Amino acid sequence: MKSWSEGTDYSVSLVTSPAKEKGSVFLKRKNEVWNYLPSLERTIKLPPSMMTQSFMGTDLTNDDLVRGSSYEDDYITQQAPARPGEICLLHMPKENAAVTWSKVFSCFYADTQLPKRMEFYDEKDRKVRVLEYHEVKTLGGRLLPTRMTLTPLSDDKLGNKTVMSFEEMQFDVEVKATTFSEANLRRGR
């Protein structure tokens, strides 16, 4: 995939492989999300109910890809108990927030403040997946984890995991406003 973003409100992701999905594009503009499917030559606006669905058969959800929910806007965050060398936060949904998780527990390395892991809980307070960050490297002049492993913990997905690796990043690059338009989405760029 190749992705462009402006803050947390605007993003475009272009699928470059596998061949079956190549050319699919996801567009996020504030709280709206669209998906262009080249095989159908059609753009679909994703309803909120589809945000919890699997992204292209992975363990990621559509919400994970486009960050439909916001920790700042949708959750109340407080400091949580942590192991030595970590800073941990507990994110609890605000009343009436349309979010997937009943709580999210996130930990960061105390020295670098880079993410280390996140744990996601369902409405029955069961830990249902863990996201771990690895391979800290410098990309685009910034120190970042370049590999993320998402492991679902539900019985029907035991043994599954989805790994995302970042090969290149650029920051503070000017992106044209038209990049985040529906017309650009249909062009698959």
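The largest nonpolar core of this predicted model holds 14 residues. Six of them touch the most other members: Trp101, Val104, Met118, Phe120, Leu131 and Tyr133. Three strands each supply at least two residues of this core. They are β9 (115–121), β10 (127–139) and β11 (142–152). Strand β10 gives the most, with 3 residues. In soluble globular proteins, nonpolar side chains tend to be buried together.

Tyr133 was examined further, with neighbours within four places in sequence left aside. Its contacts then fall on two stretches of the numbering. One comprises Pro115, Lys116, Arg117 and Met118. The other comprises Pro145, Arg147 and Met148. Met118, one of these partners, is also listed with Tyr133 among the core residues that touch the most other members.

A second core is separate from this one. It has 9 residues, including Leu27, Trp34, Val175 and Phe180.

The search for disulfides gave a count of 1. This disulfide joins Cys88 to Cys107, with an S to S distance of 2.1 Å. Such a link is a covalent bond between the sulfur atoms of two cysteines. The angle about the S-S bond is 105 degrees, and the link of Cys88 and Cys107 is right-handed. Distant parts of the chain are linked by this pair, as the two cysteines lie 19 residues apart. Cys88 sits in strand β7 (residues 86–93). Cys107 sits in strand β8 (residues 103–109). Both cysteines, Cys88 and Cys107, are buried.

Methods: Residues are numbered from 1 along each chain as its sequence is written. This is a predicted model: local features need pLDDT of at least 70, side-chain atom pairs count only at pLDDT 80 or more; totals for chains, interfaces and linings use all residues. Side-chain values use heavy atoms; hydrogens and water are left out. A nonpolar core is a set of buried Ala, Val, Leu, Ile, Met, Phe, Trp, Tyr and Cys residues joined through side-chain atoms within 4.5 Å. Buried means under 20% relative accessible area, exposed over 50%, partly exposed in between (1.4 Å probe, protein chains only). Helices (H or I, at least four residues) and strands (E, at least two) are DSSP runs, numbered from the N terminus. Contact means heavy atoms within 4.5 Å. A disulfide is a pair of cysteine sulfur atoms within 2.5 Å.
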